[in-house]
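The following exercises concern burial, contacts, salt bridges and backbone geometry. Each task is followed by a solution in steps.

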Amino acid sequence: MKKNPEDPTLQLPASAARLAYPLIVGGIVMLAAGVLIGAVTSVGLRFALGSYLTAFMYCLTICLGATFFVIIQHLCRAGWSVTIRRLAELFMSAVPWLAILFLPILASLFLGNGTLYNWDSPEWIEANHREWATNSKGAFLTDWFFAVRACIYLGIWTVLATYFFKTSRRQDETAEIRLTEQMQAVSGPAVILFALSLTFAAFDWIMSLEPAWFSTMFGVYIFAGGILSAICAITVFVYLLQKGGALRQEVTVEHYHDFGKLIFGFITFWTYIAFSQFLLIWYANIPEETFWFGHRWAHGWQFVSLALVFFHWLLPFLGLLSRHVRRRPTLMFFWASYILVMHFVDIYWLIMPTVNPGNALGGALGIATTLLCTFGMIGLSVGAVLRNSQNAPLLPARDPRLHESLAFHNL
């Protein structure tokens, strides 16, 4: 079964399309304001850049989770997800925009004096000279090598996102089955490149904020949060589009049911990785490892740590247990939105205790800086998604497996 790409119900509603450029412009203004507050007030540029990095990683992990979702659907030759895959592709298409938004982070390295990363400070290196000289981190964490690696990661993600999105769009026009086979062939190597680049980016951009700390599970932890938040973002997007009159026949309760199963599964996976990382460090009790959790159990950060246990895991775990919940679009919209908020708390908890160890919120100016950076980054990213949605039907209208998704039914 094929769909007509020009069908109005497969197009972005006009009310949403009009928001694209205001969101982009507003996002840029808010990001600039957030960083400026840090530069000219007592908040400090380090706090502002930490807030910027938090907002950036929040949006990036969602878009990269969507990228993985698209790749894995092709790798598994999945039929059930075809009607929602385009929405993941649209989130994925914001990756090139986010690659540009990493420039302020790179620029901070060349300001010197550890503006964001401690290992960028000559004073810090001098104070930790013995440890720094006896391991490979000193050679690995240098300004130029860090910048080169960042360009490689961002380049890989941009190429993958652009390739899968453009190839899928070309199939809308040509209906060539060969393109589906081509994307499936590429998806295998793409998964390997994605896994390696995301793991090392997590090490570089977040874990190296504490240069002495290390965890081989950290990349998997970031991946777990990213794929979970991406599925939640797709769920929210579907629900809002259907409220606007689009995709009402193509995305059914059966798809929401699978959204619920995936969200429930990845909530459990995220918790498993988080607990495993904590448990290994706790029972080994090595000072070089335990101090990272120690920083997150003082000065108010212990409440954020407890909030992640009870509100990022336990509450949504219990809330999504029921089949009744998973088959109710409104309830799925609520839980998906809720988990997206908790994913931000998780990213904030990973980054800000290092940047601002003395206060969990940073006072009134700190809160303002964080909110401006967060809403600015979200607004710009959503604006990019809406802009790309204007030129594409909201589902792969001529995908050869579309009929499987339209007829999909949970057993």
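**Exercise 1.** Is Ser405 buried or exposed? Establish also where Ser405 is placed and what it touches.

*Solution.* The structure is a predicted model, in which local features need pLDDT of at least 70, side-chain atom pairs count only at pLDDT 80 or more, and totals for chains, interfaces and linings use all residues. Residues are numbered from 1 along each chain as its sequence is written, and side-chain values use heavy atoms, with hydrogens and water left out.

Step 1. Buried means under 20% relative accessible area, exposed over 50%, and partly exposed in between (1.4 Å probe, protein chains only). Ser405 has a relative accessibility of 0% and therefore counts as buried.

Step 2. Ser405 belongs to helix α19 (residues 402-406). Helices are DSSP runs (H or I, at least four residues), numbered from the N terminus.

Step 3. Contact means heavy atoms within 4.5 Å. With neighbours within four places in sequence left aside, Ser405 is in contact with Gly79, Trp80, Ser81, Val82, Thr83 and His255.

Step 4. The side chains of Ser405 and His255 are also joined by a polar contact of 3.1 Å. A polar contact is a pair of N or O atoms within 3.5 Å; within protein, one must be able to donate a hydrogen and the other to accept it, and residues adjacent in sequence count only if both atoms are side-chain atoms.

**Exercise 2.** Explain why helix α4 is described as largely enclosed, and describe the surroundings of Arg86.

*Solution.*

Step 1. In α4 (residues 82-92), eleven of the eleven residues are buried, so the helix is largely enclosed by the rest of the structure. Among these buried residues are Val82, Thr83, Arg85, Arg86 and Glu89.

Step 2. Arg86 has a relative accessible area of 0%. Residues up to four places away in sequence not being counted, Arg86 touches Phe165, Ser168, Arg169, Asp172, Ala392, Pro393, Leu394, Leu395 and Pro396.

Step 3. A polar atom of the Arg86 side chain lies 3.0 Å from the backbone oxygen of Pro393.

Step 4. A salt bridge is a side-chain nitrogen of Lys or Arg within 4 Å of a carboxyl oxygen of Asp or Glu. Arg86 forms one with Asp172 (2.9 Å, N to O). This pair links distant parts of the chain, with Arg86 in α4 and Asp172 in helix α10, 86 residues apart. Both Arg86 and Asp172 are buried.

**Exercise 3.** How many salt bridges are counted, and which parts of the chain do the pairs Asp204–Arg149 and Glu254–Arg327 link?

*Solution.*

Step 1. The count comes to nine salt bridges.

Step 2. Asp204 and Arg149 meet at 2.7 Å, N to O. The pair connects helix α11, which holds Asp204, with helix α10, which holds Arg149, across 55 residues. Asp204 is buried at 1% relative accessible area, and Arg149 counts as buried at 6%.

Step 3. Glu254 and Arg327 meet at 2.8 Å, N to O. Glu254 lies in helix α13 and Arg327 in the loop between α16 (323-326) and α17 (329-355), 73 residues apart. Glu254 is buried at 8% relative accessibility, as is Arg327 at 17%.

Step 4. Salt bridges that share partners join Arg85, Arg86, Glu89, Arg169, Asp172 and Asp399 into one network.

**Exercise 4.** What are the phi values of Leu247 and Asn285, and where are these residues found?

*Solution.*

Step 1. Most residues other than glycine have a negative phi.

Step 2. Leu247 has a positive phi, near 60°. Its place is the loop between α12 (218-243) and α13, and Leu247 is buried at 0% relative accessible area.

Step 3. Asn285 has a positive phi of about 55°. Asn285 is found in the loop between α13 and α14 (287-295) and is exposed, at 55% relative accessible area.

**Exercise 5.** Compare the span of helix α10 with its expected value, and state what follows the helix.

*Solution.*

Step 1. The expected span of a helix is 1.5 Å times one less than its number of residues.

Step 2. Helix α10 (residues 143-174) has 32 residues and reaches 46 Å from its first C-alpha to its last, close to the expected 46 Å.

Step 3. After α10 comes Ala175, with a positive phi near 60°.

Definitions and conventions. Helices (H or I, at least four residues) and strands (E, at least two) are DSSP runs, numbered from the N terminus.
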